Structures are given as structure tokens and as C-alpha cells.
Amino acid sequence: MAAESHLQEEEHLDVLTRTGEKTGVSKLRSLVHRDGDYHRAVHVWIYSESTQELLLQKRADCKDSWPGQWDISSAGHISAGDSSLLSARRELYEELGIYLPKDAFELLFVFLQECVINNGNYINNEFSDVYLVTTLSPIPMEAFTLQESEVSSVKYIQWKDYKNVLEEGEEQYVPYDVTGQYGQLFIIIEQRYKENMEARSLNLQKKLNRYAPIDMEPNLSGLSDADKEALSYILRAAMVVDDIFYLQVWHSNPMLRDWLKERSNTSSLDRLKWMYYSINKSPWSSLDENEAFLTTADSAVKLLAKSMKPVSGWEGIEYRAAFPVMKPPGANFYPPDMDKEEFELWKGSLNASEQEAATGFFSVIRRHVDTLSSTVSHLMDHSGSEQHSNLDCLIIVPFSQEYKALLVKAADLLFRASELSDSSSLKKLLETKGNAFLSNDYYESDIAWMELDSKLDVTIGPYETYEDTLFGYKATFEAFVGIRDDIATSQVKLFGDHLQDLEQNLPLDSMYKSKDVVAAPIRVIQLVYNAGDVKGPQTVAFNLPNDERIVNERGTSMVLLKNVSEAKFKHILQPIADVCIKEDQKEFIDFDSFYTHTICHECCHGIGPHTIILPNGVQSTVRLELQELHSALEEAKADIVGLWALKFFIDQELLPKSFLKSMYVSFLAGCFRSIRFGLEEAHGKGQALQFNWLHENGAFLMHADGTFSVDFMKVERAVENLSREILTIQAKEKLERVQVPVDIAPIFSVADKLLEKIH
């Protein structure tokens with residue numbers, strides 16, 4: 001089927017290559033179909049859950065393709081320069097009189113149709129984005145407003161009956177090959193509603209069992225009374241940060257969270273859905289390569305009262321807030337229908353300061369239409385005109401505007417905490433961070449965070465970019481609240497003090513080495529509470545900030561979460577070693593080597609190439625140039641260079657020689673721990689890269705009984721070679737049987753008790 005245009009003015013279409021990329025050429029629709037040019041369109045299917053029916057439209061008799069035949073609920077070409085999602089919304093409104101917001105549309109797949117009809121006069125080579133809108137019940141026939149030039153009537157039909165008539169090739173229906181690519185529509189519907197509750201419950205329970213619930217149990221006795229009072233407000237601010245992160249993952253994610261939570265006591269399956277969702281903070285499983293464990297059929301129901309012509313006794317459309325099966329690579333930082341090509345073309349039209357904002361940490365990219373309050377009128381008034389293309393244009397929205405209501409709330413809580421605290425450095429951090437939430441300028445607050453010298457340790461704000469797998473530009477909000485362990489902090493000071501020595505001795509060409517690496521302050525804390533981007537596998541340490549300006553001027557600071565490290569070693573790494581490590585090397589597994597490598601890992605984020613000069617003489621950063629590849633490669637760098645750094649410290653007699661074998665064997669056991677995070681996760685992907693390299697170079701050996709060991713004669717050279725390789729680039733069955741957890745799920749009973757007192 002070919003998507004149709006407006007009769008009043010023939011539209012231009014973007015001409016694509018055979019593989020779907022834009023050529024930069026646009027042509028009139030009639031010429032595109034005359035010449036057989038590849039182009040884009042949208043298909044929108046409306047599905048009624050309660051009756052298991054699909055809505056079909058009958059094409060008007062005046063159509064130049066398949067006149068008078070039953071077809072998709074709504075469809076249309078994507079005009080030159082237009083976006084997919086707005087086109088889908090517009091076609092649905094024009095053809096059927098239905099206005100729906102973007103959260104009603106679930107992108108299922110992209111369908112390529114290549115066919116010739118009308119005696120060879122109409123060649124259709126069309127890439128169609130296929131969307132599904134899921135309603136609870138059929139829409140009353142009286143509610144439709146049909147576009148007479150496009151649609152003569154509509155009807156509902158059982159999806160199985162529709163599939164049968166397509167298979168039989170009945171002439172009154174536009175043909176689709178349901179045994180081919182388009183058959184996915186029917187497979188998705190069948191699998192989604194063919195739910196075996198018992199099997200699904202067992203599957204979710206199995207996924208949950210990969211996380212070991214561990215109570216962190218920090219000791220608050222070292223806090224002053226003033227800081228204990230401040231802590232309650234800080235925890236509440238952290239909860240607001242959590243709300244922001246849910247929104248950053250996907251635009252309907254907060255709604256899904258509330259829906260699942262409200263229904264968590266309805267059945268054992270609903271309880272399991274909520275429990276596993278709470279760990280992942282999304283419908284995509286972190287440990288399963290971001291595979292969806294929920295579908296839109298599990299999602300929240302929204303009532304839209306004024307989306308169509310009013311009908312007596314009918315309240316309006318009830319639909320499911322949609323999310324795609326495939327986790328969006330751009331999360332909710334970019335329009336869901338924007339690709340890298342569109343972004344790069346748009347970025348090229350911006351001036352230098354605008355480009356910096358577009359690729360910066362603290363902004364989102366939106367379409368102009370998403371910032372308008374009266375979208376219905378814009379769809380109606382501008383469709384078919386040149387003006388409507390402006391609705392699709394990309395714009396930069398700072399975090400302070402995008403999340404304004406939540407950031408104002410969080411800032412107020414931080415200001416109140418600042419007034420209560422009796423620690424001068426903590427007061428400064430809380431005040432400057434609150435100001436940053438409102439101004440979108442995080443420089444001063446990040447400096448205050450680096451200078452924090454307080455028993456109550458707080459990290460809160462937008463930092464990591466792992467969620468943005470499209471480019472790796474955008475930062476997610478997170479919060480870590482802990483109690484500083486003064487003894488452990490004093491013990492790790494030497495690592496931060498020797499960063500310049502590490503930099504100068506890196507296995508890297510001297511031309512790439514920095515001459516002014518700043519010592520990295522290290523703080524060790526007992527975690528009280530975390531929030532925001534702390535989904536799935538839990539971090540044991542972090543090295544911040546990521547702002548290259550501060551890294552170049554002041555270096556970085558790191559925070560080690562010692563009680564999290566202890567829990568992971570006891571409940572995960574030790575049991576893994578018992579299964580995977582050769583018997584005669586198990587004695588080398590110990591907490592000190594595991595923990596010390598964690599310290600070196602975080603130190604090594606602060607060394608190596610950061611700011612670089614491109615061949616054309618332009619200054620850039622590793623993060624900007626590697627884009628979505630940066631996160632995994634940076635984690636691999638910190639891991640393997642951290643291992644190299646341990647050997648360096650031993651050679652310098654800063655660490656005991658007894659570490660030599662234990663650090664390599666503990667690292668090997670740690671490989672199995674991190675790889676289990678999944679290859680879509682930056683740490684897991686980076687660990688797989690290292691393990692494969694070391695195994696291929698003979699440093700890691702596999703034995704007949706399935707266990708592994710370290711070849712101490714080869715490992716040092718292999719580690720150095722891999723460190724050099726990565727630095728230069730920048731300028732699962734046995735464990736299932738013994739039921740070793742993949743990671744921990746922290747329980748914050750101390751923080752929960754504090755929050756209960758407030759409420």
C-alpha cells in the first residue's frame with residue numbers, strides 16, 4: 001500500500017537510498033512513484049484490547065492506489081523534512097478525526113514494501129514506520145470524522161479474521177504478505193495477549209533471584225544533630241531526583257511506575273512486575289541486554305475525553321501509554337523518531353555556542369511541536385502547508401526548563417538542608433547545587449562537591465551519560481548519600497596523590513600524556529541511600545565530575561562505597577570464585593585486592609586522554625568524538641589501566657608484593673561478575689572486551705573442568721599491551737546452577753525510618 005498525499009497541494013518527499021538513508025534530494029510525490037524512488041511513510045494501527053479487534057479504513061474510490069479497498073487504520077507519507085511521529089499523529093487526525101498525544105503511539109517495526117501496480121505506472125518503494133495504538137475498547141463509529149477524499153468508511157475486525165483474509169488474498173482488502181515482514185504485527189498481538197500468568201510469574205521470579213537483597217545498615221552515630229536534621233531534607237531531595245530520572249528514561253515511564261505500584265497488591269504477578277520494575281526503573285531489564293520484560297499491555301491506562309467528536313454516553317478514548325519493545329537509544333533526551341543523521345544535519349546549522357549546548361550534558365533536544373500548548377490546532381491549521389515543517393524542527397531545552405517543577409522542589413529542599421547543617425563545606429555544596437538546579441550552571445556546585453569535607457557526604461545532580469546510548473552526551477540525575485569513613489579515607493590517600501606519576505608512566509606515547517594531572521581526593525563512605533540513575537547493577541564507586549573543564553583545571557574526586565563493595569565481595573565475587581577459579585588459585589581471592597582495584601579503577605578515569613586535538617587542529621574531547629562508544633571503552637580503560645596501576649604501585653613499593661597474584665586472580669573472578677551485567681551495559685561490555693583480549697593472549701586459561709586461572713608469566717605483558725591499545729584509541733551457565741546472585745539490591749532501612757518520621 002502506498003501512503004497518500006493531500007489533494008489540495010502535492011507534497012514533496014525525501015528520496016532515500018535502498019537502505020533507507022536520506023540522499024539530500026526531495027521530489028514531488030507523483031514523480032517519486034513514477035520513478036520508483038525509495039521514500040518514507042507511516043502506518044498507524046488501532047487495536048481494541050477488550051474485543052481483540054483492529055480498526056480498518058476503506059480507501060476512497062478516488063485514490064490512485066487500491067481504491068475502494070480495506071486497509072490500515074491510518075497511513076500517510078512523511079513529507080520532506082517532516083518527522084515520523086508527528087506525521088503519524090497528523091494522518092490519524094486528518095483521516096479519522098482522532099487527536100492523540102505522542103505517548104499513545106508504539107513503534108513496532110519498520111516495513112519495506114517494494115511493489116508495482118496500475119500497469120507499471122505506480123512504483124511503490126516505501127519504508128513505513130509501523131505504529132500501534134492500543135485502546136481498551138472499540139471507538140464508537142459516530143465519533144469518527146472521516147476525510148472524504150481519503151476514507152469512505154471504517155470498521156473493526158477480529159485480528160485473526162483479518163489475518164485470514166490477507167492470507168487468502170481477498171480482493172476487497174489491500175494485500176500484505178503476512179508470512180513476511182508484516183506478519184510481525186500479528187505475532188506481536190498474539191504473544192502479548194496470550195499470557196500464561198504462572199509461566200510469566202516464574203520467569204520474573206527467576207530474574208529477581210539474580211539480585212540479593214542486602215540491608216546496608218550504616219551507622220549514623222557520627223553525625224551531629226544538625227546534620228541529622230539536614231539529612232532528612234537531603235533524602236527527600238534525592239527522592240525528587242529519582243522522579244527526574246524516571247522521566248529521563250522514557251516520557252511515559254513515571255506513569256508506568258505509578259500504575260504498577262498502585263496495582264502491586266492485586267496479584268502475585270502484579271507484585272513481581274512491580275518488584276522487578278523497581279530494580280530496573282524501566283520496563284527494560286538491565287541484566288538481559290535491555291530486553292523488555294513488560295509490554296504496552298502492562299502499561300497505564302489514560303482517558304482522553306476530547307480527542308474526537310463527542311458521542312452521548314461515551315467518555316472518550318481510553319488508551320495504554322505506550323513504550324517500545326526495544327529500549328530507545330536516546331532515552332528521553334531526544335525525540336523518539338530522531339536519528340543520528342537528523343541530529344548531525346541540524347547541529348551543522350547551529351553556531352558554535354549552540355552546538356556546545358546541543359551536545360552538552362545539561363540539555364534535552366525536543367521538537368518545536370512538543371513545546372506548544374495547543375498541539376491540536378497546530379495539527380489542524382498547518383497540515384499541508386509550509387508552516388507545519390517548523391513544528392518538526394529540533395530545539396535545545398535546558399534541564400532547568402525541562403524539569404523545572406521538580407528541580408524547584410529539589411532546590412528548595414537542599415536550601416533548607418543547607419540552613420540546618422553545621423558543616424560549612426556541606427552548607428556550600430547544598431546551596432550551590434540548589435542554585436545549579438535553577439540556573440543550569442553546575443560549575444560552581446561541582447567545585448563545591450570536590451571540596452566537600454563533611455561527615456555527611458552528598459552527591460546529587462546530573463552526572464553519568466550511560467543512558468544516552470545514541471551519543472553519550474546527556475547526563476542523568478543521581479544521588480548518593482553516605483557517612484564518611486574517616487579511617488578508610490585516610491588509608492586510600494596515596495592513590496590520589498600519585499596520579500601524576502601514573503600519567504607519566506602510562507604505556508602510551510608521551511605526546512598524548514598530560515603534564516598537569518591534579519591529585520584526586522578520595523572519600524570512602526558507608527552508603528545510606530541512593531536514587532536516580534542507580535538502576536540494575538549497583539556501583540561500588542564513582543569518579544566525578546565528567547565536565548572536561550573541571551577535569552582539566554582541577555582533576556576529579558572519587559567516592560568509594562565501602563559497604564556496597566563488602567556486600568558484593570561476600571555475596572557475589574566469593575561464590576563466583578568458588579565456581580569459576582581453579583582450585584590452586586582460590587587462595588588468592590581476597591577483599592583487599594578486589595577493593596584496591598576498585599580504587600585504582602576510579603583513579604584511572606582521571607588519567608589518560610580527555611581533551612584532544614583533531615587532525616584539523618580543532619580541540620575536542622574523547623567523549624564527543626567517540627560518542628556512544630565512549631562509555632564502554634572508558635570503563636574498559638579504567639579497569640585494565642587500573643590493573644596496570646596496581647602493578648606500578650607494587651613496583652614502587654607503595655603496595656605489598658603479596659598483592660601481585662591476588663590482584664590478577666581477583667580481577668579474573670571480577671570479569672565473570674561484570675560480564676553478567678549484560679553486553680548492553682557499559683561495564684559489562686567493557687569487561688567482555690578485556691576478558692577476550694587477555695584470554696586470546698594466554699593470560700587467562702580455561703581448563704577441562706570449566707574453571708579458569710591466571711598465567712602469571714603472561715598476564716603482566718598482556719595487561720600493559722591492552723592498556724596501550726585502549727589509551728591510544730581514545731587519543732553465563734555454571735553460575736546459574738549454584739544460584740550465585742548477579743548483583744545486590746540495596747535495602748535502605750535506616751533512610752526509610754528517617755523518611756517515615758517526616759511523613
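Okay, let's start with a pair of charged side chains: Arg 59 and Asp 71 form a salt bridge, with N and O 3.5 Å apart. Those two come from distant parts of the chain, with Arg 59 in strand S4, residues 53-59, and Asp 71 in strand S5, residues 70-71, 12 residues apart. And where do Arg 59 and Asp 71 sit, buried or exposed? Arg 59 is buried, and Asp 71 is buried as well. Before I go on, please keep in mind that this is a predicted model.

Next pair. Lys 535 and Glu 467 also make a salt bridge, here at 3.6 Å from N to O. Lys 535 is in the loop between strand S19 (522-532) and strand S20 (541-544), and Glu 467 is in the loop between strand S17 (456-462) and strand S18 (477-484), so this bridge ties together parts of the chain that are 68 residues apart in sequence. Lys 535 and Glu 467 are both buried too.

A third one: Asp 547 bridges to Arg 549, and the closest N and O atoms there are 2.7 Å apart. How covered are these two? Asp 547 has a relative accessible area of 8%, so we call Asp 547 buried, since the cut-off is under 20%. Arg 549 comes out at 42%, which makes Arg 549 partly exposed.

Then there's a little group rather than a pair: Lys 27, Arg 34, Asp 35 and Asp 37 are linked in a network of salt bridges. How many salt bridges are there by this rule? The count comes to 41.

Let me zoom out to the whole chain. What's in it, in terms of helices and strands? There are 28 helices and 26 strands. The radius of gyration is 28 Å, and the globule rule gives 27 Å for 759 residues, so the chain is as compact as a globular protein of that length. If you lay the C-alpha trace along its principal axes, it spans about 85 × 60 × 55 Å. Of the 759 residues, 60% count as buried. The chain exposes about 30800 Å², and carbon and sulfur atoms supply 50% of that. On charges, we have 75 positive and 115 negative ones, and their mean positions are 4 Å apart.

Now to the strands, and I'd like to look at S8. Strand S8 covers residues 122-135, and 13 of its 14 residues are buried. Who are its neighbours? One of them is strand S3, residues 38-48, which runs parallel to S8 and is joined to it by 11 bridges. To find that pairing on screen, look for Ser 48, whose bridge partner in S8 is Thr 135. Another is strand S7, residues 106-117, which pairs with S8 in the antiparallel sense, over 11 bridges. There, Gln 113 has Glu 126 in S8 as its bridge partner.

S7 and S8 make a hairpin with four residues between the strands. What about the backbone in that turn? Asn 118 has a positive phi of about 55° although it is not a glycine. Asn 119, in the loop between S7 and S8 as well, has a phi near 55°, again positive in a residue other than glycine. As for cover, Asn 118 has a relative accessible area of 37% and is partly exposed, while Asn 119, at 81%, counts as exposed.

Back to the part of the chain with the Lys 535 and Glu 467 bridge. What does S17 look like? Seven of its seven residues are buried. S17 pairs with S18 in the antiparallel sense, over seven bridges, and within that pairing Ile 460 stands opposite Ala 479 in S18.

Over in strand S19 we find Leu 527, which counts as buried at 1% relative accessibility. How far is Leu 527 from Val 458 in sequence and in space? They are 69 residues apart in sequence, and 10.0 Å apart in space, C-alpha to C-alpha.

One last backbone detail. The peptide bond from Leu 544 to Pro 545 is cis, with omega near -5°. Pro 545 belongs to the loop between S20 and helix H19, residues 548-554.

So, to go back to where I started: Arg 59 and Asp 71 are a buried pair, and Lys 535 and Glu 467 are buried too. That's what I have, thanks.

Note on methods. Residues numbered from 1 in each chain as written. Predicted model: local features only at pLDDT ≥ 70, side-chain atom pairs only at ≥ 80, totals over all residues. Heavy atoms only, no water. Salt bridge = Lys/Arg side-chain N within 4 Å of Asp/Glu carboxyl O. Buried < 20%, exposed > 50% of the residue type's maximum accessible area, 1.4 Å probe, protein only. Rg over C-alpha atoms; globule rule 2.2 N^0.38 Å. Areas by Shrake-Rupley, 256 points an atom, 1.4 Å probe, with all protein chains shown as cover. Lys, Arg positive; Asp, Glu negative; His and termini not counted. Charge placed at Lys NZ, Arg CZ, Asp CG, Glu CD. Pairing = 2+ DSSP bridges.
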